[in-house]
Amino acid sequence: MIMLDLLHKIVKLAEKKGASQAEVFAVSSTRKSANIEKNEPKYSVLSREQGVNIRVIYGGGIGSAYTLRLDEESIEKTIEKAISIAKVRGKDPYFKSFASPQKYPEVEGLFSKNTAEVTVDDMLKDLIGVRDMYIKYDPRLSSLDFYSSVSVRETYIVNSLGVEAHGKSTSAYFAAEAICEEKGIMFSSYDYQVERDYKKINMSEVVKNAVEFALRQAKGVKAETEKLPVILDPLAIGSLFFILFYAISANNVQEKRSFLAGKIGEKVFDEKLTIIDDPLLPEGNASRKFDGEGVASRKLALIENGVLKTYLYNLYTAQREGRESTGHASRGLRGEPGISPSNIIVQLTEEKKLDELLAEVTKGIYVRIVIGAHTANMVTGDFSVALGEAYLIEKGELGPAVKQAMVSGNFAEVFSNIVAASKEKTKKGSLITGRLLVELNISG
């Protein structure tokens with residue numbers, strides 16, 4: 001393979017220039033997108049990116065640099081820049097080595113021919129078709145905005161220890177926003193879907209969800225300040241889980257920036273709750289054979305029956321503790337490896353049908369979208385977020401929208417007292433979960 005041959009040459013050149021170890025991470029990607037704004041087709045885009053990120057260990061220090069040009073001169077300058085950075089940094093007290101050679105698992109459904117072969121014209125035609133289906137859905141519906149994109153990505157990793165990894169994947173994304181108007185007041189909602197296979201995106205369902213939730217906001221009530229049962233939609237769960245993912249990233253634990261620091265093996269959440277990280281899930285949006293450093297992927301239990309089982313490690317944070325990486329290095333061409341989860345699967349031992357879950361709530365709130373989870377106190381787990389979109393639950397039925405309200409609590413306390421979850425699971429991006437019934441403090 002031409003790219004792999006080039007990466008091996010880069011590694012040898014870096015070693016020739018004095019690097020004790022070298023690693024090359026390369027990406028070649030193609031992206032197509034099509035848009036509709038305010039009911040009208042606006043633009044379509046076809047873009048390509050190709051480049052390499054070169055990391056070296058030189059004199060015990062780590063340095064990295066990238067280039068989007070693959071000619072000999074650019075590559076040589078990039079190696080020299082990485083070495084220069086390593087010299088300035090000096091010997092690192094923790095990092096010792098890049099990944100060793102290992103066997104990579106097979107993962108089904110990472111690549112879809114349907115996604116790779118769809119044209120921009122096909123995408124725009126699909127957008128126009130679903131627009132025409134819904135544009136007259138309700139006289140209050142004034143505008144529909146759609147965004148559709150597909151990408152094909154090839155990733156390569158080669159290092160001087162013998163790692164040689166190559167993966168090819170596709171991704172398809174569709175998002176819809178519906179804007180409605182009544183008596184001069186505008187209200188909106190959105191929904192989205194991500195799949196490996198473009199043909200598995202149900203555009204009609206996504207648009208219908210956006211439109212119907214937007215129309216529900218025509219009637220609104222002001223929230224009172226009280227503690228209420230709250231059903232969290234997968235969109236809201238995904239936002240709140242930003243706090244969890246931050247807390248279980250080893251770099252934040254090691255720097256004492258996590259409320260879960262030092263709690264491996266302890267019960268930290270409700271014993272009914274299990275959270276799985278599964279990068280081997282067939283057709284999973286975050287599935288992968290290896291991570292951004294060439295470490296083989298494997299399925300992990302993050303939380304098992306409420307007990308914290310592991311943090312997420314890349315090579316640097318793992319070597320800082322003298323342990324193995326969990327295979328969670330995230331990476332792009334620009335910058336050094338970070339840490340991120342893969343497919344997150346939320347399971348509860350007590351699950352009910354959504355109708356049954358709603359029926360348990362005489363008065364409560366259905367929270368679909370929250371805003372501001374990134375402002376949480378990560379050291380304590382305390383959060384206070386705005387309700388971007390929420391609805392009153394009255395006698396088991398969704399009622400009017402709840403306006404100008406906040407919810408607050410402590411992440412560990414909230415998820416230590418889960419009442420129940422719905423059996424119906426929804427995939428939102430890389431999160432797979434049902435709705436969760438909890439209690440939260442509402443501020444009107």
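Start by selecting Leu-240, which you'll find in helix 6, the stretch from 234 to 248. What you have open is a predicted model, so treat each stop as a look at a prediction. Is Leu-240 buried or exposed? Its relative accessibility is 3%, and because anything under 20% counts as buried, Leu-240 is buried.

Keep Leu-240 selected and show what touches it. Leaving aside neighbours within four places in sequence, its contacts are Leu-232, Val-370, Ala-373, Phe-383 and Phe-411. Take Val-370 from that list: it sits 130 residues away from Leu-240 along the sequence, yet their C-alpha atoms are 7.9 Å apart.

**Around helix 6**

Now colour the whole of helix 6 and look at the sheet it packs on. That sheet is open and has six strands in the order 11-10-9-14-22-21, with mixed pairing. Its edges are strand 11 (307-308) and strand 21 (426-428), each pairing on one side only. Helix 6 touches strands 9, 10, 11, 14 (344-348), 21 and 22 (431-433), and its direction makes about 120° with that of strand 22.

For a close-up within this sheet, select 273-277 and 300-304. These are strand 9 and strand 10, running antiparallel and joined by three bridges. Where should you look for the residue opposite Ile-275? Go to Ile-303 in strand 10.

**Into the cores**

Next, pick out Leu-232, Phe-241, Leu-260 and Phe-269. Within the largest nonpolar core, which has 57 residues, these four touch the most other members. Helix 6 gives the most to this core, with nine residues. Zoom in on Leu-260: beyond its neighbours within four places in sequence, it is in contact with Leu-244, Ala-247, Ile-248, Val-268, Phe-269, Leu-308 and Tyr-311.

There's a second, separate core too, made of 27 residues. To find it, select Leu-127, Ala-176, Cys-180 and Ala-210, which are among its members.

**A loop stop**

Jump to Leu-312, in the loop between strand 11 and helix 8 (315-320). Buried or exposed, this one? With 0% relative accessibility, Leu-312 counts as buried. Show its surroundings, not counting residues up to four places away in sequence, and you'll see that Leu-312 touches Ile-248, Ser-249, Ala-250, Leu-302, Thr-326, His-328, Ile-339, Ser-340 and Pro-341. For a sense of distance, draw a line from Leu-312 to Phe-415: these residues are 103 apart along the chain, and 20 Å separates their C-alpha atoms.

**The other six-strand sheet**

Swing over to another open sheet of six strands, this one in the order 3-2-1-4-5-6 with antiparallel pairing. Strand 3 (61-67) and strand 6 (185-195) are the edge strands, each pairing on one side only. On average, neighbouring strands here are turned by 20° against each other, direction ignored.

Highlight strand 4 (141-159) and strand 5 (164-182), an antiparallel pair with 17 bridges. Within that pair, find Ser-151 and look across: Ser-171 in strand 5 stands opposite. Then add helix 2 (72-89), which packs on the sheet and touches strand 2 (40-58) and strand 3. The direction of helix 2 makes about 150° with that of strand 3.

**Strand 18 and its partners**

Select 397-403, which is strand 18, together with 220-222, which is strand 7. The two run parallel and are joined by three bridges. On the other hand, strand 17 (382-394) pairs with strand 18 in the antiparallel sense, also over three bridges. Which residue in strand 18 is the bridge partner of Gly-220? That's Ala-401, and Ala-401 is also the bridge partner of Tyr-391.

Strands 17 and 18 form a hairpin with two residues between them. Click on Lys-395 in the turn, where phi is positive at about 50°.

**Zoom out**

Finish with the whole chain in view. Altogether there are 10 helices and 23 strands, and the C-alpha atoms fill a box of roughly 70 × 55 × 35 Å along the principal axes. A compact globule of 444 residues would have a radius of gyration near 22 Å, and the 24 Å of this chain agrees with that. Colour by burial and 53% of the 444 residues count as buried. Turn on the surface: the accessible area comes to about 19,900 Å², with 48% belonging to carbon and sulfur atoms. Finally, of the contacts between residues at least 6 apart in sequence, 73% join residues at least 24 apart.

Conventions:
Residues are numbered from 1 along each chain as its sequence is written. This is a predicted model: local features need pLDDT of at least 70, side-chain atom pairs count only at pLDDT 80 or more; totals for chains, interfaces and linings use all residues. Side-chain values use heavy atoms; hydrogens and water are left out. Two strands pair if DSSP finds at least two bridges between them. Helices (H or I, at least four residues) and strands (E, at least two) are DSSP runs, numbered from the N terminus. Axes are lines fitted to C-alpha atoms, for helices over the stretch in contact, and angles run from 0 to 180 degrees between N-to-C directions. Contact means heavy atoms within 4.5 Å. Buried means under 20% relative accessible area, exposed over 50%, partly exposed in between (1.4 Å probe, protein chains only). The radius of gyration is taken over C-alpha atoms; the globule rule is 2.2 Å times the number of residues to the power 0.38. Accessible areas come from the Shrake-Rupley method with a 1.4 Å probe; for residues, only the protein chains shown count as cover. A nonpolar core is a set of buried Ala, Val, Leu, Ile, Met, Phe, Trp, Tyr and Cys residues joined through side-chain atoms within 4.5 Å.
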